[in-house]
Structures are given as structure tokens and as C-alpha cells.
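Student: Hey, can we go through this one together? I've got the sequence and the 3D view open, but I don't know where to look.

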Amino acid sequence: MELDLAAAELKSVLNRLRRAQGQISGVIRMIEEGRDCEDVVTQLAAASRALDRAGFAIIATGLQQCLTDMENGDRSGEDPEEMRARLEKLFLSLA
């Protein structure tokens, strides 16, 4: 299953990933500086949410693509149950 993100979707996902990257850098810096544990955990939780949102956006795009492809007959050779199981596994990997 190949993921083909539209420009707007790609920009949104990349922005979320860059935000998470910045937050993770902030967490590293906070730990190195010996910052308060509560502040570090709060920042880490924000980074985790940003990564989750990027992952969910990618999976949602994949689901939409698969449905569109199935409607157009582009995936006629694929087993729908196998595809569903693969997408479910991807979705649950973020849970």
C-alpha cells in the first residue's frame, strides 16, 4: 500500500512532525538543564500528541485512498479483508 499525500495533507503532516521534533529537542534540553520533572513530562506529552496526530492523519489519508481506489476498481486484485487487517494493525500501532 503506497501513500500518496496531496500537497495540503503533506504540509499538515510535516508541520505536525516538525512541531514534535522541536518539542523533543526541548525535552532533551530540559533534561540536560535539570529542569523540573513536571515540566519535562508536560513537554514530552505534547510531543507524543503531535506524533500521534501526524500518524492518525497519515492513516486517515491511507484509508481514504484505499476507499477511493476500491471504488475506482484500482485494487480489484487485493483481498479487502487483508487490506482491512493491515490498516487496522497500522491504526492500532498508534493506540
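Student: Okay, which side chains meet in a salt bridge here?
Tutor: Glu33 and Arg35 do, with an N to O distance of 3.9 Å. Keep in mind that this is a predicted model.

Student: How many salt bridges does the structure hold?
Tutor: Just one.

Student: And Glu33, is that buried or exposed?
Tutor: Glu33 counts as exposed, because its relative accessible area is 51% and the cut-off for exposed is over 50%. Its partner Arg35 comes out as partly exposed, at 43%.

Student: What's Gly34 doing there?
Tutor: Gly34 sits just after helix α1 and takes a positive phi of about 70°.

Student: Let's back up a bit. How many helices and strands does the protein have?
Tutor: There are three helices and zero strands. Going along the sequence, you read the pattern as α-α-α.

Student: Tell me about α1, then. How far does it reach?
Tutor: Helix α1 covers residues 7-32, which is 26 residues. From its first C-alpha to its last it spans 37 Å, close to the 38 Å expected at 1.5 Å a residue.

Student: Which residues of α1 are buried?
Tutor: Those are Val13, Ala20, Gln23, Gly26, Val27 and Met30.

Student: Hang on, why does Gln23 count as buried?
Tutor: Because its relative accessibility is 15%, and buried means under 20%.

Student: So what does Gln23 touch?
Tutor: Leaving out residues up to four places away in sequence, Gln23 touches Gln43, Ala46, Ala47 and Ala50.

Student: Changing topic: which residues form the nonpolar patch on the surface?
Tutor: The patch is made of Leu10, Leu14, Leu17, Ile24, Ile28 and Leu51. Together they have about 440 Å² of accessible area.

Student: Which helix gives the most to it?
Tutor: That's α1, with five residues. Here's a handy rule: an α-helix has 3.6 residues a turn, so residues three or four places apart point the same way.

Student: Pick one for me. Where is Ile24, and how exposed is it?
Tutor: Ile24 is in helix α1. Its relative accessible area is 35%, so it counts as partly exposed.

Student: What about α2, which residues does that cover?
Tutor: Helix α2 takes in residues 37-71, and Arg53 is found there. Arg53 is partly exposed, at 45% relative accessible area.

Student: How far apart are Arg53 and Leu17?
Tutor: In sequence they are 36 residues apart, while in space the distance is 9.0 Å, C-alpha to C-alpha. Another pair to look at is Ile58 and Glu9: they are 49 residues apart along the chain, and their C-alpha atoms are separated by 8.4 Å.

Student: Where's Ile58?
Tutor: Ile58 is in helix α2 too. With a relative accessible area of 29%, Ile58 is partly exposed.

Student: And across the protein, what share of contacts join residues at least 24 apart?
Tutor: That share is 67%, taken among contacts between residues at least 6 apart in sequence.

Student: How much of the whole protein counts as buried?
Tutor: Of its 95 residues, 22% count as buried. The accessible surface comes to about 6800 Å², and 55% of that belongs to carbon and sulfur atoms.

Student: Last thing: since it's predicted, what's the mean pLDDT?
Tutor: The mean is 82, and 84% of the residues reach 70 or more.

Student: Which element has the lowest mean, and which the highest?
Tutor: Helix α3, residues 80-93, has the lowest mean pLDDT at 78, and α1 has the highest at 90.

Conventions:
Residues numbered from 1 in each chain as written. Predicted model: local features only at pLDDT ≥ 70, side-chain atom pairs only at ≥ 80, totals over all residues. Heavy atoms only, no water. Helix = DSSP H or I, 4+ residues; strand = E, 2+ residues; numbered from the N terminus. Expected span 1.5 Å × (residues − 1). Buried < 20%, exposed > 50% of the residue type's maximum accessible area, 1.4 Å probe, protein only. Patch = residues over 30% accessible without salt bridge, like charges linked within 9 Å, V, L, I, M, F, W, Y side chains within 5 Å. Areas by Shrake-Rupley, 256 points an atom, 1.4 Å probe, with all protein chains shown as cover. Salt bridge = Lys/Arg side-chain N within 4 Å of Asp/Glu carboxyl O. pLDDT = per-residue confidence, 0-100. Contact = heavy atoms within 4.5 Å.
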